[in-house]
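Colleague: I should like to understand how the terms applied to a model are justified. May I put some questions to you about the one shown here?

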Amino acid sequence: MVLENLSSSLKDVFKKISGSSYIDKETIKEVSKDIQRALLKADVNVKLVISLTNRLQERAATEKPPAGMSEQDFILKIIYEELLSILGEESRIELKPQTIMLVGLYGNGKTTTAGKLARFFIKKGLSVGLIAADVHRPGAYEQLEQISKQVNSLFYGEKNEKDPVKIIKNGLDRLGDAKVKIIDTSGRDSLDDELIDEIKRIKNEIKPDEVLYVVDATLGQQVGPQAKVLNDAVSISGVIITKMDGTGKGGGALSAVAEIKSPVYFIGTGEHMEDFEVFNPRKFLSRLLG
Ligand code: GDP
């Protein structure tokens, strides 16, 4: 998987720097090439990779290490900081009563993630109500109902109602006791106007506190345009990247969503409800660097 590939090549880069007796322009150039290779192999967006190594070269040429820090450690620090800037700032979802709307395309793991998110809040002591507002996919209602039993959350859905806004309004009303309400909305095979209109209408009428975009890591960089369209439509406030367990392309999805500048809150690491982690860029990076 991506982390291991990236990790071993980046480890070599770090060894190269710590092992060199002096750092000159040539060393920085060589190291930049190694970093580019490692990141591109992990499917990180080429523009991001180039701007990262440009910044590294510029900073190495103009900044001086603070007193007491070796040139080698200083370069390592710059690389670390610049890598972190790709991963994004750490940002955690607030542990407070709120309404959360999930958006994303079919098969990306939206319904599963609704359950994982419910379990997360319940473990933190906040009761949860799941609302089934995917009115298009057959079986979505039953799937979410089943999941709600698994994670011990409340559940609301209306099997024959086709208007998601009506369902959600009734759901918010009926699940009034639940501290956190999580709305599973419809997806599609690809983005179309009907889906965009539907989620826009939900967003405008319901005014959720968070709009979380659920996206499959295995899709790699191609999620970039999709993330942008959804962000333009409903202002994504956070991202959950699923299927980080089964991919060589985690870097792709990660760098593609980096462009919409919404924080990654969680990653999904398997099919089970407990396969879910708070995304912590520093931890991710130290895992990357071993
Ligand atoms: P939806 O159409 O977006 O609601 O997608 P589902 O929640 O039904 O998930 C589609 C498939 O992806 C199911 O087989 C899930 O078990 C699987 N899935 C969801 N999240 C993950 C994950 O983090 N890792 C893996 N390996 N599979 C996942």
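Colleague: To begin, in which helix is the place of Gln-226?

Modeller: This is a predicted model, and in it Gln-226 belongs to helix α9, which covers residues 223–234.

Colleague: Why is Gln-226 called buried?

Modeller: Its relative accessible area is 11%. Buried means under 20%, so Gln-226 counts as buried.

Colleague: Which residues is Gln-226 in contact with, leaving aside its neighbours within four places in sequence?

Modeller: They are Leu-105, Asn-108, Leu-191, Tyr-213 and Val-215. Contact here means heavy atoms within 4.5 Å.

Colleague: Where does Gly-270 lie, and why is Gly-270 called buried?

Modeller: Gly-270 is found in the loop between β7 (264–268) and β8 (276–278). The relative accessible area of Gly-270 is 16%; the limit for a buried residue is under 20%, and therefore Gly-270 is classed as buried. Leaving aside neighbours within four places in sequence, Gly-270 is in contact with Lys-116, Asp-245 and Asp-275.

Colleague: What makes helix α10 mostly covered?

Modeller: Helix α10 spans residues 250–258, and eight of its nine residues are buried. Among them are Gly-250, Leu-254 and Val-257. For the protein as a whole, 53% of the 290 residues count as buried.

Colleague: Let us turn to the ligand. How many residues surround the ligand, and which are the closest?

Modeller: The ligand is surrounded by 18 residues, and the closest are Gly-107, Lys-110, Thr-111, Thr-112 and Asp-245. Helix α5 (residues 110–123) gives the most to this shell, namely four residues. By kind, the shell consists of two nonpolar, 10 polar and six charged residues.

Colleague: How do you know that Asp-245 has a polar contact with the ligand?

Modeller: A polar side-chain atom of Asp-245 is 2.7 Å from a nitrogen atom of the ligand. A polar contact is a pair of N or O atoms within 3.5 Å, so this pair qualifies. A polar backbone atom of Lys-110 is likewise 2.7 Å from an oxygen atom of the ligand. For Thr-269, a backbone N or O atom lies 3.5 Å from a ligand oxygen atom. The protein covers 81% of the 590 Å² of accessible area that the ligand has on its own.

Colleague: What is the phi of Asn-152, and why is Asn-152 called exposed?

Modeller: Asn-152 has a positive phi of about 65°, although it is not a glycine. Most residues other than glycine have a negative phi. Asn-152 is placed in the loop between α6 (140–151) and β3 (154–156). Its relative accessibility is 66%; exposed means over 50%, so Asn-152 is termed exposed.

Colleague: Why, then, is Ser-235 called partly exposed?

Modeller: The relative accessible area of Ser-235 is 44%. Buried requires under 20% and exposed over 50%; Ser-235 is in between, and is therefore partly exposed. Ser-235 lies in the loop between α9 and β6 (238–242), and has a positive phi of about 50° although it is not a glycine.

Colleague: Finally, which residues does UniProt list for "domain: SRP54-type proteins GTP-binding"?

Modeller: The unreviewed UniProt entry lists residues 263–276 under that name. In the model, this span is 0% helix and 43% strand, and its end C-alpha atoms lie 16 Å apart.

Notes: Residues numbered from 1 in each chain as written. Predicted model: local features only at pLDDT ≥ 70, side-chain atom pairs only at ≥ 80, totals over all residues. Heavy atoms only, no water. Near = heavy atom within 4 Å. Polar contact = N/O pair within 3.5 Å; in protein donor to acceptor, adjacent residues only side chain to side chain. Areas by Shrake-Rupley, 256 points an atom, 1.4 Å probe, with all protein chains shown as cover. Helix = DSSP H or I, 4+ residues; strand = E, 2+ residues; numbered from the N terminus. Nonpolar A, V, L, I, M, F, W, Y, C, P; charged D, E, K, R; others polar. Buried < 20%, exposed > 50% of the residue type's maximum accessible area, 1.4 Å probe, protein only. UniProt positions renumbered as here; feature names shortened; annotations may be inferred.
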